[in-house]
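Trainee: Hi! Could you walk me through the charged pairs and the core of this one?
Mentor: Happy to, let's bring it up.

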Amino acid sequence: MLKKYVIIALMAVVCNSFAQTFSPSKMDKLLYGVAYYYEYMPSERLEEDARMMKECGINLVRICESTWSYMEPQEGVFNLDYVTKVMDVMHKNGIQVIVGT
(Lines give C-alpha, C1' and ligand atoms only; values in the text may rest on other atoms or scores of the structure.)
Protein backbone atom coordinates (compact mmCIF):
# COMPACT_ATOMS: atom_id res chain seq x y z
CA MET A 1 0.00 0.00 0.00
CA LEU A 2 2.88 2.34 0.77
CA LYS A 3 4.25 1.97 -2.78
CA LYS A 4 0.93 3.18 -4.15
CA TYR A 5 1.11 6.38 -2.10
CA VAL A 6 4.76 6.94 -3.05
CA ILE A 7 3.88 6.61 -6.74
CA ILE A 8 0.91 8.96 -6.37
CA ALA A 9 3.08 11.49 -4.52
CA LEU A 10 5.77 11.23 -7.21
CA MET A 11 3.20 11.80 -9.95
CA ALA A 12 1.90 14.86 -8.08
CA VAL A 13 5.44 16.29 -7.97
CA VAL A 14 5.88 15.63 -11.69
CA CYS A 15 2.53 17.29 -12.47
CA ASN A 16 3.41 20.31 -10.33
CA SER A 17 6.78 20.60 -12.05
CA PHE A 18 5.06 20.34 -15.43
CA ALA A 19 2.56 23.06 -14.50
CA GLN A 20 5.37 25.40 -13.42
CA THR A 21 7.35 24.69 -16.58
CA PHE A 22 4.38 25.53 -18.78
CA SER A 23 3.04 28.57 -17.00
CA PRO A 24 1.82 31.17 -19.53
CA SER A 25 4.67 33.53 -18.69
CA LYS A 26 7.24 30.87 -19.59
CA MET A 27 5.64 29.36 -22.70
CA ASP A 28 7.53 30.02 -25.88
CA LYS A 29 5.61 27.65 -28.15
CA LEU A 30 2.12 26.37 -28.73
CA LEU A 31 1.49 22.89 -27.34
CA TYR A 32 -0.13 20.61 -29.90
CA GLY A 33 -0.99 17.26 -28.43
CA VAL A 34 -2.93 14.04 -28.34
CA ALA A 35 -3.90 11.31 -25.92
CA TYR A 36 -1.90 8.13 -26.56
CA TYR A 37 -3.08 4.85 -25.12
CA TYR A 38 -0.14 2.48 -25.49
CA GLU A 39 -2.04 -0.09 -23.43
CA TYR A 40 -4.56 -0.50 -26.25
CA MET A 41 -2.11 -0.39 -29.17
CA PRO A 42 0.07 -3.14 -30.62
CA SER A 43 3.38 -2.56 -28.78
CA GLU A 44 5.43 -2.83 -31.96
CA ARG A 45 3.78 0.40 -33.21
CA LEU A 46 5.20 2.70 -30.53
CA GLU A 47 8.24 3.89 -32.51
CA GLU A 48 6.21 4.36 -35.68
CA ASP A 49 3.40 6.16 -33.84
CA ALA A 50 5.88 8.58 -32.27
CA ARG A 51 7.52 9.19 -35.65
CA MET A 52 4.15 9.96 -37.25
CA MET A 53 3.19 12.26 -34.36
CA LYS A 54 6.41 14.21 -34.77
CA GLU A 55 5.87 14.39 -38.52
CA CYS A 56 2.43 15.93 -37.89
CA GLY A 57 3.87 18.55 -35.53
CA ILE A 58 2.61 16.99 -32.31
CA ASN A 59 4.83 18.03 -29.40
CA LEU A 60 2.86 16.71 -26.41
CA VAL A 61 1.07 13.47 -25.48
CA ARG A 62 -1.08 12.47 -22.51
CA ILE A 63 -0.69 8.89 -21.30
CA CYS A 64 -2.03 6.59 -18.53
CA GLU A 65 -5.30 8.44 -18.03
CA SER A 66 -7.69 5.59 -17.47
CA THR A 67 -5.64 2.50 -16.94
CA TRP A 68 -4.69 2.26 -13.27
CA SER A 69 -5.54 -1.45 -13.34
CA TYR A 70 -2.88 -1.88 -16.04
CA MET A 71 -0.30 -0.14 -13.80
CA GLU A 72 -1.41 -2.07 -10.68
CA PRO A 73 -2.67 -5.46 -11.91
CA GLN A 74 -2.81 -6.76 -8.32
CA GLU A 75 -3.05 -4.93 -5.01
CA GLY A 76 0.47 -3.64 -4.28
CA VAL A 77 1.99 -5.00 -7.50
CA PHE A 78 3.00 -2.24 -9.91
CA ASN A 79 3.99 -2.41 -13.57
CA LEU A 80 5.32 0.95 -14.73
CA ASP A 81 7.74 -0.39 -17.34
CA TYR A 82 5.50 0.62 -20.23
CA VAL A 83 5.20 4.15 -18.84
CA THR A 84 8.94 4.71 -18.94
CA LYS A 85 9.14 2.99 -22.33
CA VAL A 86 6.59 5.39 -23.82
CA MET A 87 8.25 8.38 -22.16
CA ASP A 88 11.67 7.37 -23.52
CA VAL A 89 10.39 6.97 -27.09
CA MET A 90 8.50 10.26 -26.97
CA HIS A 91 11.53 12.08 -25.52
CA LYS A 92 13.69 10.66 -28.30
CA ASN A 93 11.24 12.22 -30.77
CA GLY A 94 11.08 15.58 -29.01
CA ILE A 95 7.56 14.99 -27.70
CA GLN A 96 6.74 15.97 -24.12
CA VAL A 97 4.56 13.73 -21.95
CA ILE A 98 1.84 14.34 -19.38
CA VAL A 99 1.31 11.27 -17.17
CA GLY A 100 -2.26 11.10 -15.89
CA THR A 101 -3.71 8.64 -13.39
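Mentor: We'll go through the salt bridges and then the nonpolar core, keeping in mind that this is a predicted model.

Trainee: Great. How many salt bridges are there in the whole structure?
Mentor: The search turns up five salt bridges.

Trainee: What does Asp-49 pair with?
Mentor: Asp-49 forms a salt bridge with Arg-45, and the N to O distance is 2.7 Å.

Trainee: Is Asp-49 buried or exposed?
Mentor: Asp-49 is buried, at 4% relative accessibility. Its partner Arg-45 is partly exposed, with a relative accessible area of 35%.

Trainee: Okay, and which residue does Glu-48 meet in a salt bridge?
Mentor: That would be Arg-51, with 2.6 Å from N to O.

Trainee: Where do Glu-48 and Arg-51 lie?
Mentor: They both belong to helix H2, which covers residues 46-55. The two are three residues apart, about one turn of the helix. As for accessibility, Glu-48 is partly exposed at 35%, and Arg-51 is partly exposed at 35%.

Trainee: Which residues are linked with them in a network?
Mentor: Glu-55 joins in, so to speak: Glu-48, Arg-51 and Glu-55 are linked in a network of salt bridges.

Trainee: What about Glu-65, which side chain does that one meet?
Mentor: Glu-65 meets Arg-62 in a salt bridge, at 2.4 Å from N to O. Glu-65 is partly exposed, with a relative accessible area of 28%. Arg-62 is partly exposed too, and its value is 35%.

Trainee: Why do side chains like these pair up at all?
Mentor: Opposite charges can pair when the charged atoms of the side chains come close.

Trainee: Switching topic: how many residues are in the largest nonpolar core?
Mentor: There are 18 residues in that core. Tyr-36, Val-61, Ile-63 and Met-90 have the most contacts inside it.

Trainee: Which elements give two or more residues to this core?
Mentor: Those are helix H2, strand S2 (60-63), helix H4 (81-92) and strand S3 (96-99).

Trainee: And which one gives the most?
Mentor: H4 does, with five residues.

Trainee: Can we zoom in on Val-61? What does Val-61 touch?
Mentor: Leaving out residues up to four places away in sequence, Val-61 touches Val-34, Tyr-36, Met-53, Met-90, Ile-95, Gln-96, Val-97 and Ile-98.

Trainee: Nice. Where do nonpolar side chains tend to be in soluble globular proteins?
Mentor: They tend to be buried together.

Note on methods: Residues are numbered from 1 along each chain as its sequence is written. This is a predicted model: local features need pLDDT of at least 70, side-chain atom pairs count only at pLDDT 80 or more; totals for chains, interfaces and linings use all residues. Side-chain values use heavy atoms; hydrogens and water are left out. A salt bridge is a side-chain nitrogen of Lys or Arg within 4 Å of a carboxyl oxygen of Asp or Glu. Buried means under 20% relative accessible area, exposed over 50%, partly exposed in between (1.4 Å probe, protein chains only). Helices (H or I, at least four residues) and strands (E, at least two) are DSSP runs, numbered from the N terminus. A nonpolar core is a set of buried Ala, Val, Leu, Ile, Met, Phe, Trp, Tyr and Cys residues joined through side-chain atoms within 4.5 Å. Contact means heavy atoms within 4.5 Å.
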